[in-house]
Amino acid sequence: MKSLGNATFENYVGLDQGLSEMGYQMVAHVLTLGYAVMLAGLFYFILTLKTVAPRFRTSSVLSVVVMVSAFLLLFAQANNWTSSFVFDAERGRYFLGDGQDLFNNGYRYLNWLIDVPMLLFQILFVVTLTTSKFSSIRNQFWFSGAAMIITGYIGQFYEVTNITAFFVWGAISTAFFIHILYLMRKVISEGKQGIPVKAQNTLNAIWGLFLVSWMLYPGAYLMPHLAGLEGVFFSEIGVVGRQITYTIADVLSKVIYGVLLTVVAQTLSKEEGYVEVN
């Protein structure tokens with residue numbers, strides 16, 4: 001296997017095995033779908049901003065910022081994909097282009113570094129904490145969220161060249177991830193106290209969504225090694241599977257999560273007697 005340095009495994013697959021027309025186009029299309037959904041989410045959060053009482057609107061504003069960030073960086077990620085591979089008519093497959101840009105998942109990590117703290121902050125502007133201190137939870141969310149992304153970002157550079165470093169940095173990232181899960185569970189448990197049953201049920205749905213969507217990320221991170229080095233997933237299957245997994249996780253954890261938070265805010269606004277002013 002020719003060395004590409006600390007390039008991600010998508011490039012090694014594109015160099016040695018190449019990608020079929022179906023595999024290449026599936027990734028191109030799912031990346032396009034990803035940023036298109038973020039753009040749709042942007043319009044949703046703008047249009048529903050006044051359907052919630054003023055005290056809940058910071059959450060919606062943060063959703064707007066998340067959508068803008070995700071749209072721009074996923075658009076860059078999609079362009080990075082199409083500029084990295086070239087179709088070889090003789091072999092009928094897409095290969096890493098000579099002198100082309102290498103494909104890099106770093107665009108996603110940069111997006112997450114911006115979005116993750118804001119996604120975590122959002123819920124704090126919807127629920128009321130009964131025993132925890134707002135500033136303490138906020139600061140812990142920010143620290144663990146940023147640390148999780150930074151350590152994961154470092155680790156992904158070693159997924160081919162240094163497996164030990166890859167797993168060590170991944171394990172460090174996972175420790176911060178577990179702390180975030182603990183904090184989110186705590187926030188949701190406190191937030192359900194004394195609010196309408198409908199809002200409680202939606203918060204329960206948010207917790208389930210949070211668990212499912214956030215668990216997809218470590219799965220995508222580990223994708224090339226799920227069946228061992230250069231195993232089943234160190235192939236076109238893994239390349240396509242990783243990008244689909246990342247995109248599904250992004251849509252669930254950003255768009256659907258934000259929509260459910262808006263539903264909670266709308267329910268609480270109605271309970272408080274808020275009437276939308278056109």
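This is a short tour of one structure, a predicted model, with a suggestion at each stop of what to select and what is there.

Begin with helix H1, residues 9–16, where 6 of the 8 residues are buried, so that the helix is largely enclosed by the rest of the structure. The buried residues to colour are Phe9, Glu10, Asn11, Tyr12, Val13 and Gly14. If you then show what covers these buried residues, you will find strand S1 (85–88), S2 and H8 included in the cover. Following H1 in the chain comes glycine 18, which has a positive phi, near 80 degrees.

Next, select helix H2, residues 21–47, and look for leucine 39, which lies in this helix. Is leucine 39 buried or partly exposed? With a relative accessible area of 32%, leucine 39 is partly exposed, because the partly exposed class lies between the limits of 20% and 50%. Adding Phe43 and Leu47 to Leu39 shows a nonpolar patch on the surface, of about 320 Å².

Now turn to the aromatic rings, of which the structure holds 23 pairs. One of them joins tyrosine 24 and tyrosine 94, whose rings are stacked, at 3.8 Å centre to centre and with 5 degrees between the planes. This pair links distant parts of the chain, since tyrosine 24 belongs to helix H2 and tyrosine 94 to strand S2 (residues 93–96), 70 residues apart. Both tyrosine 24 and tyrosine 94 are buried. To see their surroundings, select Tyr24 and Tyr94 together with Trp81, Phe85, Phe87 and Phe103, which form one aromatic cluster.

For another arrangement of rings, go to tyrosine 109 and tryptophan 112, a pair that is edge-to-face, with 4.8 Å centre to centre and 70 degrees between the planes. Both residues lie in helix H4 (residues 106–122), 3 residues apart, which is about one turn of the helix. Tyrosine 109 counts as buried because its relative accessibility is 5%, and tryptophan 112 counts as buried at 6%.

The last stop is the nonpolar core. In soluble globular proteins, nonpolar side chains tend to be buried together. The largest nonpolar core here has 78 residues, among which Trp81, Ile123, Phe141 and Met184 touch the most other members. Helix H8, residues 236–271, gives the most to this core, with 12 residues. Finally, centre the view on isoleucine 123: which residues is isoleucine 123 in contact with, leaving aside its neighbours within four places in sequence? They are Met184, Val187, Ile188, Leu203, Tyr257 and Leu261.

Definitions and conventions. Residues are numbered from 1 along each chain as its sequence is written. Side-chain values use heavy atoms; hydrogens and water are left out. Patches are made of residues with over 30% relative accessible area and no salt bridge: like charges are joined within 9 Å, nonpolar side chains (Val, Leu, Ile, Met, Phe, Trp, Tyr) within 5 Å. Accessible areas come from the Shrake-Rupley method with a 1.4 Å probe; for residues, only the protein chains shown count as cover. A salt bridge is a side-chain nitrogen of Lys or Arg within 4 Å of a carboxyl oxygen of Asp or Glu. Helices (H or I, at least four residues) and strands (E, at least two) are DSSP runs, numbered from the N terminus. Buried means under 20% relative accessible area, exposed over 50%, partly exposed in between (1.4 Å probe, protein chains only). A nonpolar core is a set of buried Ala, Val, Leu, Ile, Met, Phe, Trp, Tyr and Cys residues joined through side-chain atoms within 4.5 Å. Contact means heavy atoms within 4.5 Å. Rings of Phe, Tyr and Trp (its six-membered ring) pair if their centres lie within 6.5 Å; planes under 30 degrees apart count as stacked, over 60 as edge-to-face and the rest as tilted.
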